Amino acid sequence: MTYQANIFARNVSPILVAVSIFTGAAVPAAAAVIENPVAVFSAIDKITGRITTFDVYVNETVQFGALQVTPRVCNSRDETEAPKTTTFVEVDEITLDRKIRRLFTGWMFADSPGLNAVDHAVYDVWLKECKQVSEVPAPSGN
């Protein structure tokens, strides 16, 4: 006998079953989030056509052209789970008059780079991945 047949054989209300499914009883447990100390970004200089990939430690700032990229968190999942790599990042522009102007604050998703990538007149920046270690030396004090 199937699960559904067992439910009805025990006189359990089908409405109760439907409510339990829609309230999350049938939803698998959420995957554990892995907090990573390094975010990996790619960026393109639209004038030269040069694409650069660079590592940035969480809460540190790296400059790409006139942009400053500062990730605040970089999360991923265990390799047994579906990929879901995200970062909360702040991107500032240094203007010609040497002022700093915020271009972007928000979440970026590695599996959807066009969703919340930084789209600037000269530069585009997007998240590639998060990782635990980098070949770039860690900033002093970390």
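**Exercise 1. Find how strand β4 joins β5, and which residue faces Q68.**

Start with the pairing itself: β4 (residues 62–64) and β5 are held together by three bridges and run antiparallel. Keep in mind as you look that this is a predicted model.

Next, place the residue. Q68 belongs to strand β5, which covers residues 67–77. Across from Q68 in this pairing stands Q63.

Now look at the turn. The hairpin of β4 and β5 has two residues between the strands, and G65 takes a positive phi near 60° there.

Finally, look around Q68. Beyond its neighbours within four places in sequence, Q68 is in contact with T61, V62, Q63, E90, V91, D92, I94 and I100.

**Exercise 2. Decide whether Q68 is buried or exposed, then do the same for strand β5 as a whole.**

Begin with the cut-off: a residue is buried under 20% relative accessible area. Q68 has 18% relative accessibility, so Q68 counts as buried.

Then widen the view to the strand. Eight of the 11 residues of β5 are buried, and therefore β5 is largely enclosed by the rest of the structure.

**Exercise 3. Work out which other strands pair with β5, and in what sense.**

Strands of a sheet pair through backbone hydrogen bonds, either parallel or antiparallel.

Take β1 to begin with. Strand β1 (residues 33–35) runs antiparallel to β5, with three bridges between them. One place to spot this is V33, whose bridge partner in β5 is R77.

Move on to β6. Strand β6 (residues 86–94) pairs with β5 over eight bridges, again in the antiparallel sense. Here V73 stands opposite F88 of β6.

**Exercise 4. Put the strands of the open four-stranded sheet in order, and explain what happens at its edges.**

Reading across the sheet gives β3-β2-β9-β8, with antiparallel pairing. The edge positions go to β3 (50–57) and β8 (118–119); each has a single partner strand, so one side of each is left without a neighbour in the sheet.

Check one of the pairings by eye. β8 is joined to strand β9 (residues 123–131) by two bridges. D119 has D124 of β9 as its bridge partner.

Then visit β2, residues 38–45, where you will find A39. A39 is buried, since its relative accessible area is 0%. Setting aside neighbours within four places in sequence, A39 is in contact with several residues, including F54, C74 and L127. The C-alpha atoms of A39 and K131 are 6.5 Å apart, although 92 residues separate the two along the chain.

**Exercise 5. Locate the disulfide and say which handedness it has.**

A search of the whole structure turns up one disulfide. Its partners are C74 and C130, with sulfur atoms 1.7 Å apart. The torsion about their S-S bond is about -85°, so the disulfide is left-handed. This pair links distant parts of the chain, as C74 sits in strand β5 and C130 in strand β9, 56 residues apart. C74 and C130 are both buried.

**Exercise 6. Trace the salt bridges of D92, E93 and K46.**

Side chains of opposite charge can pair when their charged atoms come close. The count for this structure is six salt bridges.

- *D92.* This residue forms a salt bridge with R102, the closest N and O atoms being 2.4 Å apart. The pair links D92 in strand β6 to R102 in strand β7 (residues 100–109), 10 residues apart. D92 is buried at 11% relative accessibility, whereas R102 is partly exposed at 44%. Both take part in a network of salt bridges that also includes R72 and E90.
- *E93.* Its partner is R101, and the closest N and O atoms are 2.2 Å apart. E93 is buried, with a relative accessible area of 11%, while R101 is partly exposed at 43%.
- *K46.* The side chain of K46 meets that of D124 at 3.1 Å, N to O. K46 lies in the loop between β2 and β3 and D124 in strand β9, so the pair ties together parts that are 78 residues apart in sequence. K46 counts as partly exposed, at 38% relative accessibility.

**Exercise 7. Describe the chain as a whole.**

The chain has two helices and nine strands. Along the sequence they follow the pattern α-α-β-β-β-β-β-β-β-β-β. Of its 142 residues, 32% count as buried. Among contacts between residues at least 6 apart in sequence, 47% join residues at least 24 apart.

Note on methods: Residues are numbered from 1 along each chain as its sequence is written. This is a predicted model: local features need pLDDT of at least 70, side-chain atom pairs count only at pLDDT 80 or more; totals for chains, interfaces and linings use all residues. Side-chain values use heavy atoms; hydrogens and water are left out. Buried means under 20% relative accessible area, exposed over 50%, partly exposed in between (1.4 Å probe, protein chains only). Contact means heavy atoms within 4.5 Å. Two strands pair if DSSP finds at least two bridges between them. A disulfide is a pair of cysteine sulfur atoms within 2.5 Å. A salt bridge is a side-chain nitrogen of Lys or Arg within 4 Å of a carboxyl oxygen of Asp or Glu.
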